[in-house]
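Reader: I have a few questions about the wording used for this protein. Could you take me through the reasoning behind it?

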Amino acid sequence: MDKFTRNYLIVLSSLLLIGLVWYFYESPEVANLNSALSNNAEVAAYPYRFRVFKVENGVATMGTPRSPAFAASQALVLLFPELKGVPVGAPEMFAAQQRMAEIQSKAGSIVMGFDAVSSVKWQLDEGWLRSNGVNPELL
């Protein structure tokens, strides 16, 4: 291999490695908050993994499977396939929505219990949507 090709591969590999580290890096603060969420049996047992994406100026941005653009009933069908075809007003769907709200509230309370966090901002978890076959760009 000639000198140019070798140097080109070294630079390209270095850039790829830096990009991967940057993409997968989780700050110690975020890792600590996500660990606290994972350590709570009730939150950890829920099919959706509530997690912190980032913390900036005391605001923790957390993922949620629902938003005004993606209704709770749509998220629940992805989380609980047995709810497919169940009307939104049905008691089973209402109970599932209540349970999701309780777990999301508990997750937010756990994160708010840390001194570094003054508020929580909820953000639709587009990665979760993609992994479940929903294109968030179409919402």
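Author: Happy to; the answers below concern a predicted model.

Reader: Let's begin with a strand residue. Why is Thr 61 called buried?

Author: Its relative accessible area is 3%, and buried means under 20%, so Thr 61 is buried. Thr 61 sits in strand β2, which covers residues 59-64.

Reader: What is Thr 61 in contact with, leaving aside neighbours within four places in sequence?

Author: With that limit, the contacts of Thr 61 are Arg 51, Val 52, Phe 53, Lys 54, Lys 121 and Gln 123.

Reader: Thr 64 lies in strand β2 too. What makes Thr 64 count as buried?

Author: The relative accessibility of Thr 64 is 2%. The cut-off for buried is under 20%, so Thr 64 counts as buried. Not counting residues up to four places away in sequence, Thr 64 touches Tyr 48, Phe 50, Gln 104, Trp 122, Gln 123, Leu 124 and Asp 125.

Reader: Two aromatic residues are in that list. Why is the pair of Tyr 48 and Phe 50 called edge-to-face?

Author: A pair of aromatic rings is described by the distance of the centres and the angle of the planes. For Tyr 48 and Phe 50 the ring centres are 4.8 Å apart and the planes stand at 80°. Rings pair if their centres lie within 6.5 Å, and planes over 60 degrees apart count as edge-to-face, so this pair is edge-to-face. A search of the whole structure finds 6 aromatic pairs. Tyr 48 and Phe 50 also belong to one aromatic cluster with Tyr 46, Phe 80, Trp 122 and Trp 128.

Reader: How do you know that Tyr 48 counts as buried, and that Phe 50 counts as buried?

Author: Tyr 48 has 1% relative accessibility and Phe 50 has 3%. Buried means under 20%, so the word applies to Tyr 48 and to Phe 50.

Reader: On to the helices. What makes α2 oblique to α5?

Author: The axes of α2 (residues 28-39) and α5 (residues 91-112) come within 10 Å and cross at roughly 135°. That angle lies outside the ranges for roughly parallel (under 35 degrees), roughly antiparallel (over 145) and roughly perpendicular (65 to 115), so α2 is oblique to α5. The crossing is right-handed. Leu 33, Ala 36 and Leu 37 of α2 make the contact with Ala 107, Ile 110 and Val 111 of α5. By class, that contact has 6 nonpolar, no polar and no charged residues.

Reader: And why are α4 and α5 called roughly perpendicular?

Author: Helix α4 (residues 72-79) packs against α5 at an angle of about 95°, with the axes 10 Å apart. Roughly perpendicular covers 65 to 115 degrees, and therefore the term fits α4 and α5. On the α4 side the contact includes Ala 72, Ser 73 and Leu 76, and on the α5 side Met 93, Ala 96, Gln 97 and Met 100. This contact has 8 nonpolar, 2 polar and no charged residues.

Reader: Ser 73 is found in α4. How do you know that Ser 73 counts as buried?

Author: Ser 73 has 15% relative accessibility; with the cut-off for buried at under 20%, Ser 73 counts as buried. Not counting residues up to four places away in sequence, Ser 73 touches Val 88, Met 93 and Gln 97.

Reader: How far apart are Ser 73 and Val 59 in sequence and in space?

Author: Ser 73 and Val 59 are 14 residues apart in sequence and 27 Å apart in space, C-alpha to C-alpha.

Technical notes. Residues are numbered from 1 along each chain as its sequence is written. This is a predicted model: local features need pLDDT of at least 70, side-chain atom pairs count only at pLDDT 80 or more; totals for chains, interfaces and linings use all residues. Side-chain values use heavy atoms; hydrogens and water are left out. Helices (H or I, at least four residues) and strands (E, at least two) are DSSP runs, numbered from the N terminus. Buried means under 20% relative accessible area, exposed over 50%, partly exposed in between (1.4 Å probe, protein chains only). Contact means heavy atoms within 4.5 Å. Axes are lines fitted to C-alpha atoms, for helices over the stretch in contact, and angles run from 0 to 180 degrees between N-to-C directions. A crossing is left-handed if the near helix is turned anticlockwise from the far one by less than a right angle, and right-handed if clockwise. Ala, Val, Leu, Ile, Met, Phe, Trp, Tyr, Cys and Pro count as nonpolar, Asp, Glu, Lys and Arg as charged, and the others, Gly among them, as polar. Rings of Phe, Tyr and Trp (its six-membered ring) pair if their centres lie within 6.5 Å; planes under 30 degrees apart count as stacked, over 60 as edge-to-face and the rest as tilted.
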